[in-house]
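Please open the model in your viewer and keep the selection tool to hand. The stops below say what to select and what is there.

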Amino acid sequence: MNFDKSIDKVVDGVAKTQQKREKRPEKGIEYAEDLYKDTAKHFFFICEELPEGGEDLDNLAEGLATEILECMLEGMRLLSDGQKTSRKMGERVLEVMQNARGIAPDGSDIAERLDRTIDALEQQLAG
């Protein structure tokens, strides 16, 4: 795997997903899942190459995790407007958010947002 191409894949994936989400926010959940699937192997390859806690890696991780979260929140908001969200959908959302949390740098704002969102969703699914 090529380092520069992997960075481009993640950066381009985030940018394209953001554009798609802005045009069709109701597909946010699908876009978040696709973004994770399309970029995860590249992101984790980059993690092996860059020092942990480095600014470049943290910025890349925050951008990727943030876009996944924004897609999920937009998709959930639109899905839940006037509808009861199914347990299966909730579990699907939870899985993708947990994947995003695995990307987000510990102690970052996005990690804290994901932790709060995951906790709230887990409580909703349990109740």
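Select Arg-113 to begin; in this predicted model the residue has a relative accessible area of 30%, so Arg-113 is partly exposed. Add Glu-70 to the selection: the two side chains meet in a salt bridge, with 2.8 Å from N to O. Arg-113 belongs to helix α5 and Glu-70 to helix α3, so this pair links distant parts of the chain, 43 residues apart. Glu-70 has a relative accessibility of 25% and therefore also counts as partly exposed.

Next, select Arg-21 and Glu-67. Their side chains form a salt bridge as well, at 2.8 Å from N to O. Because Arg-21 lies in helix α1 and Glu-67 in helix α3, the pair ties together parts that are 46 residues apart in sequence. Are these two residues buried or exposed? Both Arg-21 and Glu-67 are buried.

Move to Arg-24 and Glu-26, whose side chains meet in a salt bridge of 2.8 Å, N to O. Arg-24 counts as partly exposed at 40% relative accessibility, and Glu-26 counts as partly exposed at 44%.

Now select Arg-101, Asp-106 and Asp-115 together. Salt bridges link these three residues in a network. How many salt bridges does a search of the whole structure find? The search finds seven. As background, side chains of opposite charge can pair when their charged atoms come close.

Leave the charged residues and turn to the nonpolar interior. The largest nonpolar core holds 34 residues, and those that touch the most other members are Phe-43, Leu-64, Ile-68, Met-72, Val-93, Ile-103 and Leu-114. Colour the helices to see where the core comes from: α1 (3-23), α2, α3 (55-80), α4 (87-103) and α5 (109-126) each supply at least two of its residues. Which helix gives the most to this core? Helix α3 does, with 10 residues.

Within that core, select Met-72 and show its surroundings. Setting aside neighbours within four places in sequence, Met-72 is in contact with Gly-28, Ile-29, Ala-32, Val-93, Val-96 and Met-97.

Then select Phe-43, another of the residues that touch the most other core members. Its relative accessible area is 2%, so Phe-43 is buried. Add Phe-44 and look at the rings. A search of the whole structure finds one aromatic pair. That pair is Phe-43 with Phe-44, in an edge-to-face arrangement with 5.3 Å centre to centre and 75 degrees between the planes.

Keep Phe-44 selected for the last stop. Phe-44 lies in helix α2, which covers residues 28-49. Is Phe-44 buried or partly exposed? With 35% relative accessibility, Phe-44 counts as partly exposed, whereas Phe-43 is buried. Not counting residues up to four places away in sequence, Phe-44 touches Tyr-36 and Ile-103. Ile-103 was met above as one of the residues that touch the most other members of the largest nonpolar core.

To finish, draw a distance between the C-alpha atoms of Phe-44 and Asp-34. The two residues are 10 residues apart in sequence and 16 Å apart in space.

How values were computed
Residues are numbered from 1 along each chain as its sequence is written. This is a predicted model: local features need pLDDT of at least 70, side-chain atom pairs count only at pLDDT 80 or more; totals for chains, interfaces and linings use all residues. Side-chain values use heavy atoms; hydrogens and water are left out. Helices (H or I, at least four residues) and strands (E, at least two) are DSSP runs, numbered from the N terminus. Buried means under 20% relative accessible area, exposed over 50%, partly exposed in between (1.4 Å probe, protein chains only). Contact means heavy atoms within 4.5 Å. A nonpolar core is a set of buried Ala, Val, Leu, Ile, Met, Phe, Trp, Tyr and Cys residues joined through side-chain atoms within 4.5 Å. Rings of Phe, Tyr and Trp (its six-membered ring) pair if their centres lie within 6.5 Å; planes under 30 degrees apart count as stacked, over 60 as edge-to-face and the rest as tilted. A salt bridge is a side-chain nitrogen of Lys or Arg within 4 Å of a carboxyl oxygen of Asp or Glu.
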